[in-house]
Amino acid sequence: MKQGDEAPPNPRPLPLRLPRLCVAIVGSDPADMIADAISVVREESFMEFRLDYLKQPLAALDGLREFLHTYPHLVALATCRRAANGGKFRGTVAAQLEVLRQAQAAGCQIVDVELESALTLKPAELESLRTRGSLLLSFHDFKGTKDLEAIFEKMRQIRADFYKVVTTATCLYDNVRMMKFLDDKSRDYAVIGVCMGEQGVISRVLGLRAGSAFTFAAVAAGGETAPGQITARHLREVYRVDQLDPATRIYGVAGDPVGQSLSPQMMNAALRRENVNAVYLPLHALSVEDLIECVRAVPIQGVSVTMPHKESIVKFLDGTDPWTQKTGAANTLVRGKDGRLFGFNTDVAGVLRPLEQRLSLMGAKTLVIGAGGAARAAVYGLKERGSEVFILNRTPAKGVKLAKEAKANYLGRSELKKHQFDVIINATPVGMDGQQSPLGEKEIKATYVFDMVYRLLETPFTKAAKAAGAQVIPGYEMFVQQGVQQFQIWTAKPAPVNEMQNVVLAAINAAQPPVAPVAEVLQPEKPQPEPEKPKAEKPKAEKPKAAALNPAAARVVAAKAVKPAAAKPKAVKPKAEKSKGARQRADKAPAAKSKAKKNK
Ligand code: NAP
């Protein structure tokens, strides 16, 4: 029997109810670690001390004892994970055991022993940890989420108070696997389950609801101890993890990439403001198939679909709205009560609303730069409102094709100087870098310039537009309006537009890079054989009213523009192909439970 085995049980018993969030405390040295703990001791009552991050873990224990003595309400978990098992401790298993024993003596009520170490320890050594406190047996898979049943069966052979299974999500559906595992095992065991990685966010937020005894969080951005870990503040304030219950509806934004999206901040703020029991998550979807399986199994009631899935998702939908049919792209998914999936395109409303708050589009002469998804939304929306639409695109053939389809006009760049527009819209990513403008100041002859780039308050294009005397419509207005429409479709409630806009503006302001002093203008497209030009359509009605609405009138228009929609899609497309496996998984799902050019 080793020295210290006769020590009395931990003098600080575990509370009956554990806090749901355990924050990981790391430090480069003992003083740094305690300073980190002190910085959050007012908000956090459950801390994991990562002793393996210290060069000499034993040297930290006097300070830890003193700290825990000063804050007797705290629950403390000590971890000294070995490097071979994904931690930073380079000592032997015996040395690891000694650190954990001493941590218990210092007041830590729970100690984490990874399965690999536990398998080399004698049962009596493990049992001695349980007599002094609680033993948490952990397993980590840093590559994937495989055979959770088999892993747990192995773990179950060792008596522990908590079983922690941490895997890596390589697809969204891995979160479903983890939540099913939690739902099943939490009936008989205290289990903790989390998927690491950007694709594991669902499990970090919904794991508690699925049965995880608690979950892990970072103290602050940069202090993550596992890939994809979220800060405790973000989990509470944005995802409201303390309030999630079996009735909480799940929404999200799906794309690749999706990490920089402002949608989670905007939509969660709106849901909270309107007291909707729902949470909105970033869903890093590498494939539409994975997204759809996850939507069916979790289930997820609504998704903001972003690049590159707006077009490829359409074939999976049971019904679509007319805008989706016209543009061939859906940015909004709704899961009906019967599990059917419907698609909407709210990008069209996102373009039209900010414009209609300022001018009548009937007969307005508009130029859309670009021929991609966002340009299609603008072109079809403007055509429907009776505008005379011109298209200019880097690849003329694509612009001409869109012009033909939408009965609009294609314009070569050299012809620009002959035209005065009511509105010019940039529907390309040009300017996202804060360096380039799709048109030079001299080429901008317009009353309004609308730049869809929304992560910058001022882009080289809007700067040039102001210099050319045009009024600027910032891209964030479109971002907010497409979100407003989504909120209304999902909740049938008017969206809190001001709140949403404020959150987006605050986030954009917080991330503002310095504006480039000189706007570089994109070189005109290379001369190409003149494409066949579709005939310009005659304006349908009266001349455009170029004057802007006064702010009061604009508010009235804005207020009218937020009627609850929740419209049913008119046309229903043939049933989507569903894999049998996906349907079966959905049925069994627990009820509770470099493309960086895009800026959405
Ligand atoms: P997309 O489908 O990929 O289309 C991109 C378009 O931009 C294409 O016409 C492409 O021309 C053109 N383009 C790309 N790089 C260019 C360059 N360096 N120079 C000139 N033209 C270039 O993308 P999308 O979905 O339409 O999105 C376009 C932009 O709108 C993105 O910045 C996106 O973030 C923004 N957006 C904003 C909102 C919002 O809420 N504010 C909503 C949706 C989209 P080619 O045909 O020659 O490739």
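Contact, in the legends that follow, means that heavy atoms lie within 4.5 Å. The structure shown is a predicted model.

**View 1. Confidence along the protein chain of the predicted model****.** The mean pLDDT of the protein chain is 87, and 84% of its residues reach 70 or more. Over residues 1–5, however, the pLDDT is below 50, and this stretch has nine contacts in the model beyond near neighbours in sequence. The pLDDT also stays under 50 over residues 527–600, for which the model has 136 contacts beyond four places in sequence.

**View 2. Helix 10 and the elements that pack against its buried residues****.** Helix 10 covers residues 263–273, and because eight of these eleven residues are buried, the helix is largely enclosed by the rest of the structure. The buried residues are Ser-263, Pro-264, Met-266, Met-267, Asn-268, Ala-269, Ala-270 and Leu-271. They pack against two strands, strand 9 (249–255) and strand 10 (278–284), and against two helices, helix 17 (475–491) and helix 18 (497–510). After helix 10 comes Asn-275, which has a positive phi, near 55 degrees.

**View 3. Two cis peptide bonds, one leading to Pro-257** **and one leading to Pro-308****.** Most peptide bonds are trans. The bond from Asp-256 to Pro-257, by contrast, is cis, with omega near 5 degrees, and Pro-257 is found in the loop that joins strand 9 and helix 10. The bond from Met-307 to Pro-308 is likewise cis, with omega near 5 degrees, and Pro-308 is found in the loop between strand 11 (302–305) and strand 12 (319–320).

**View 4. Lys-407, a residue with a positive phi in a loop****.** Most residues other than glycine have a negative phi. Lys-407 is not a glycine, yet its phi is positive, at about 55 degrees. This residue lies in the loop between helix 15 (396–406) and strand 17 (409–410). Is Lys-407 buried or exposed? Its relative accessibility is 56%, and because the cut-off for an exposed residue is over 50%, Lys-407 counts as exposed.

**View 5. Ala-492, in the loop between helix 17 and helix 18****.** Ala-492 is another residue other than glycine with a positive phi, here near 60 degrees. The two helices on either side of its loop, helix 17 and helix 18, are also among the elements against which the buried residues of helix 10 pack. At 44% relative accessibility, Ala-492 counts as partly exposed, because this value falls between the limits of 20% for buried and 50% for exposed.

How values were computed: Residues are numbered from 1 along each chain as its sequence is written. This is a predicted model: local features need pLDDT of at least 70, side-chain atom pairs count only at pLDDT 80 or more; totals for chains, interfaces and linings use all residues. Side-chain values use heavy atoms; hydrogens and water are left out. pLDDT is the predictor's confidence in each residue, from 0 to 100. Buried means under 20% relative accessible area, exposed over 50%, partly exposed in between (1.4 Å probe, protein chains only). Helices (H or I, at least four residues) and strands (E, at least two) are DSSP runs, numbered from the N terminus.
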